Amino acid sequence: MPFSLLSDADAAGRLAALLDSAMDAIISIDERERIVLYNRAAEQTFGWRSDQVMGQPLSMLLPERFRAGHAAHVKHFAATGVTSRRKGEGMVLYGLRADGSEFPMDASISQIDTAEGKVFSVILRDVTERVKARQDLARFATEASAIREQEKTRVARELHDELAQSLTALKMDAIWVRDHLERDPAASAQKLADMLDMLDESVAATRRISADLRPLVLDDLGLVPAIEWLVQNFTQRHGVPCALDIDQSLDLGEPHATAVFRMVQESLQNVAKHARAHRAWVRVARERREIVLEVRDDGAGFETQAARKPQSLGLVGLRERAQLLEGTVRIDSQPGQGTRVQARIPLPGADA
């Protein structure tokens, strides 16, 4: 049936159905800022039923500290004659739910002239997850930078305390041998033997510092030996037995190999720092067109919905690494029941 032949009641009903099908909250107010339209998405967003808000001031949906500013904005907007305007650019708007909780939102506003006066319509979208993700990303970037600086400081200290001091001692011993070689050959030979032992220790320290930064086995032998080395090193350092189940045929190029290696490394570091575990398990496998890595422990566990501790990267870094490769991370944990971290990363060329 052509729209022009619809009755006013039919047109109003179709418009109401259209507004109720919208995914964004749509609210209209009159010039007195009384609510005259409130769709189903608005009910879900704010928690108030339509019959509870119709005819009520829009301010009931705003935190009290924003109400005066909003009223001034509406008056200014009505006076400008501009038909639409984006609100919230450069700032965060907040709504107030029926349960008293606040949430960030995007909002756009428009106005039309009717026989009863101006009607202002606002389209709202809850952006809690977007704002949280942005805040987590900014916090991750800040804290990751701080951790890099801490790592540089640690490496510099180890270079000074171990290598620099050893080289200084070797120089002094070399001078001693030069001065005593002819007069005391036996003592010089013993000194040379001690110097060789110190050189062996310095080489081992150099390799350890280098491996902490990036294990050469990852570049030289590939991902599987690198993860085997990582698991063995974890057990030796922390005394926690760790079982490894890995697809021996797995061969990944960059950046996937480094991402998988670092995610296993960071997960095991979390086990060592926080879990108080007696055992751990690592699994890396190919499942269809994905790489699946899983790190489990039988430790203390935690409440996954609890707020992240300040100055702690937590699991944000793992999620960030996975997202860079269009992957996902799932965390399963309960206090006293251990933790399981599972990441799924699409294989290169999986779309093809």
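Start by selecting Glu-33, a buried residue with a relative accessible area of 14%. The model on screen is predicted. Glu-33 sits in the loop that runs between β1 (25–29) and β2 (35–38). Check its backbone: phi is positive, about 65°, although Glu-33 is not a glycine. Most residues other than glycine have a negative phi.

Zoom out to the whole chain. There are ten helices and eleven strands in the protein chain. Of its 352 residues, 36% are buried. The exposed area of the protein chain is about 21500 Å², with 54% of it supplied by carbon and sulfur atoms. Taking contacts between residues at least 6 apart in sequence, 56% join residues at least 24 apart.

Next, select Glu-326 and compare its setting with that of Glu-33. Glu-326 lies in the loop between α10 and β10 (328–333). Here too phi is positive in a residue other than glycine, near 60°. Is Glu-326 buried or exposed? It counts as exposed, at 63% relative accessibility, whereas Glu-33 is buried.

Step back along the chain into helix α10, residues 316–324. Select Val-316, Gly-317, Leu-318, Glu-320 and Ala-322, which are buried in this helix.

Now turn to the salt bridges, of which the structure holds 15. Select Arg-340 and Glu-294, whose side chains meet in a salt bridge at 3.6 Å, N to O. This pair links distant parts of the chain, with Arg-340 in strand β11 (residues 339–346) and Glu-294 in strand β9 (residues 290–297), 46 residues apart. Arg-340 counts as partly exposed at 24% relative accessibility. Glu-294 counts as buried because its relative accessibility is 12%, and buried means under 20%.

Keep that pair on display and add Asp-332 and Arg-330. These two form a salt bridge as well, and their closest N and O atoms are 3.2 Å apart. Asp-332 is partly exposed, at 25% relative accessibility. Which residues belong to the network of salt bridges? Glu-294, Arg-296, Arg-330, Asp-332 and Arg-340 are linked in it.

For another salt bridge, go to Asp-51 and Arg-49, with side chains that meet at 3.0 Å, N to O. Asp-51 is exposed, with a relative accessible area of 56%. Arg-49 counts as partly exposed at 47% relative accessibility.

Move to the helices. Select Ala-174 in helix α5, which covers residues 128–180. Ala-174 is partly exposed, with a relative accessible area of 35%. Then add Leu-192 and draw the C-alpha to C-alpha distance: the two residues are 8.1 Å apart in space and 18 residues apart in sequence.

Continue to helix α6, residues 185–213, and select Asp-194. Asp-194 counts as partly exposed, at 37% relative accessibility. What kind of surface patch do Asp-194, Asp-197, Asp-200 and Glu-201 form? Together they form a negative surface patch.

Finish at Pro-255, in the loop between β7 (242–246) and α9 (256–275). Display the peptide bond from Glu-254 to Pro-255 and read omega: the bond is cis, with omega near 5°. Most peptide bonds are trans.

Terms used. Residues are numbered from 1 along each chain as its sequence is written. This is a predicted model: local features need pLDDT of at least 70, side-chain atom pairs count only at pLDDT 80 or more; totals for chains, interfaces and linings use all residues. Side-chain values use heavy atoms; hydrogens and water are left out. Helices (H or I, at least four residues) and strands (E, at least two) are DSSP runs, numbered from the N terminus. Buried means under 20% relative accessible area, exposed over 50%, partly exposed in between (1.4 Å probe, protein chains only). Contact means heavy atoms within 4.5 Å. Accessible areas come from the Shrake-Rupley method with a 1.4 Å probe; for residues, only the protein chains shown count as cover. Patches are made of residues with over 30% relative accessible area and no salt bridge: like charges are joined within 9 Å, nonpolar side chains (Val, Leu, Ile, Met, Phe, Trp, Tyr) within 5 Å. A salt bridge is a side-chain nitrogen of Lys or Arg within 4 Å of a carboxyl oxygen of Asp or Glu. Lys and Arg count as positive and Asp and Glu as negative; His and the chain ends are not counted. The place of a charge is taken as NZ of Lys, CZ of Arg, CG of Asp or CD of Glu.
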